[in-house]
Amino acid sequence: MKTALLGNEFDRGLLGHHCWLELANGERVELPVERWTAPSDGDEVLLDACGGPTLDIGCGPGRLTAALAGRGVVALGVDSSRTAVRLTRRRGGSALHRNVFGRVPGEGRWRHALLADGNIGIGGDPVVLLRRAAQLIAADGDVLVELEPPGRGLRHERVRLRPGHADVAWFTWAWVGVDAIAEVAARAGLRVDWTTRHGHRWFARLERS
């Protein structure tokens, strides 16, 4: 059974503190908290692709939401963490404390939906998340996603945030490699328009099939 996220699991990272995901087998996946909190090389791939109203799903501390607003693009961040919403607003971005599977303003009318910084893994089921994103965008809209490098495939794991107490809750997370996105997108009723690389980061644009 999947454990629902409480919304505050990633707050330590949002505040810039070092943290990582611990897998059930003991493997450790470092979280790029420095990239969450400051403009990062490769962000321009996503920012340049957003030419209209944009929904930033899992906006975190709001670097992309605020950057789009600075470009004159209507942008709204949504995040289940109150800390994320507060930090986004502090940067000058608009954000709502909201579960993306709940009611979202402008549903079906957004030109772009962003899933950056590994957020395609939210909930542990990328197909379900992409189906929801497809409901949020307009008929001619797109979903812009950040992916793992080629060869990573599709991976689901039980994880917990560290450091933390020994009894911290486990939840399900997922990772999608560039090599797996076409199949995952197709199962969500989307198709890959393009994929691209910028440095060590990989991205894709998904549109309705």
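In helix H6, the buried residues (under 20% relative accessible area, with a 1.4 Å probe and protein chains only as cover; exposed is over 50%, partly exposed in between) are Pro126, Val127, Leu129, Leu130, Arg132, Ala133, Ala134 and Leu136. Helix H6 spans residues 126-136, and because eight of its 11 residues are buried, the helix is largely enclosed by the rest of the structure. This is a predicted model, in which local features need pLDDT of at least 70 and side-chain atom pairs count only at pLDDT 80 or more, while totals for chains, interfaces and linings use all residues. Residues are numbered from 1 along each chain as its sequence is written, and side-chain values use heavy atoms, with hydrogens and water left out.

**Overall form**

The protein has seven helices and 11 strands; these are DSSP runs numbered from the N terminus, helices being H or I with at least four residues and strands E with at least two. The radius of gyration, taken over C-alpha atoms, is 16 Å, which agrees with the value near 17 Å for a compact globule of 209 residues. That globule rule is 2.2 Å times the number of residues to the power 0.38. Along the principal axes, the C-alpha atoms fill a box of roughly 45 × 40 × 35 Å.

Of the 209 residues, 53% count as buried. The protein exposes about 9600 Å², of which carbon and sulfur atoms supply 51%; the areas come from the Shrake-Rupley method with a 1.4 Å probe. Among contacts (heavy atoms within 4.5 Å) with a separation of 6 or more, 63% are between residues 24 or more positions apart.

**Salt bridges**

The structure holds 20 salt bridges, each a side-chain nitrogen of Lys or Arg within 4 Å of a carboxyl oxygen of Asp or Glu. Three of them are listed here.

| Positive residue | Negative residue | N to O distance |
|---|---|---|
| Arg63 | Asp43 | 2.8 Å |
| Arg201 | Glu146 | 2.8 Å |
| Arg155 | Glu157 | 3.1 Å |

Arg63 forms a salt bridge with Asp43. Arg63 lies in helix H4 (residues 63-70) and Asp43 in helix H3 (residues 43-49), so the pair ties together parts that are 20 residues apart in sequence. Both Arg63 and Asp43 are buried.

Arg201 forms a salt bridge with Glu146. Arg201 belongs to strand E11 (residues 201-208) and Glu146 to strand E7 (residues 137-147), so this pair ties together parts that are 55 residues apart in sequence. Arg201 counts as buried because its relative accessibility is 1%, and Glu146 is buried at 6%.

In the salt bridge between Arg155 and Glu157, Arg155 is partly exposed, with a relative accessible area of 27%, and Glu157 is partly exposed at 24%. Salt bridges that share partners join Arg35, Asp43, Arg63, Asp117, Glu146 and Arg201 into one network.

**Surroundings of Thr54**

Thr54 lies in strand E3 (residues 54-57). Thr54 is buried, with a relative accessible area of 0%. Leaving aside neighbours within four places in sequence, Thr54 is in contact with Leu68, Val73, Val74, Ala75, Leu76, Trp110, His112 and Leu114.
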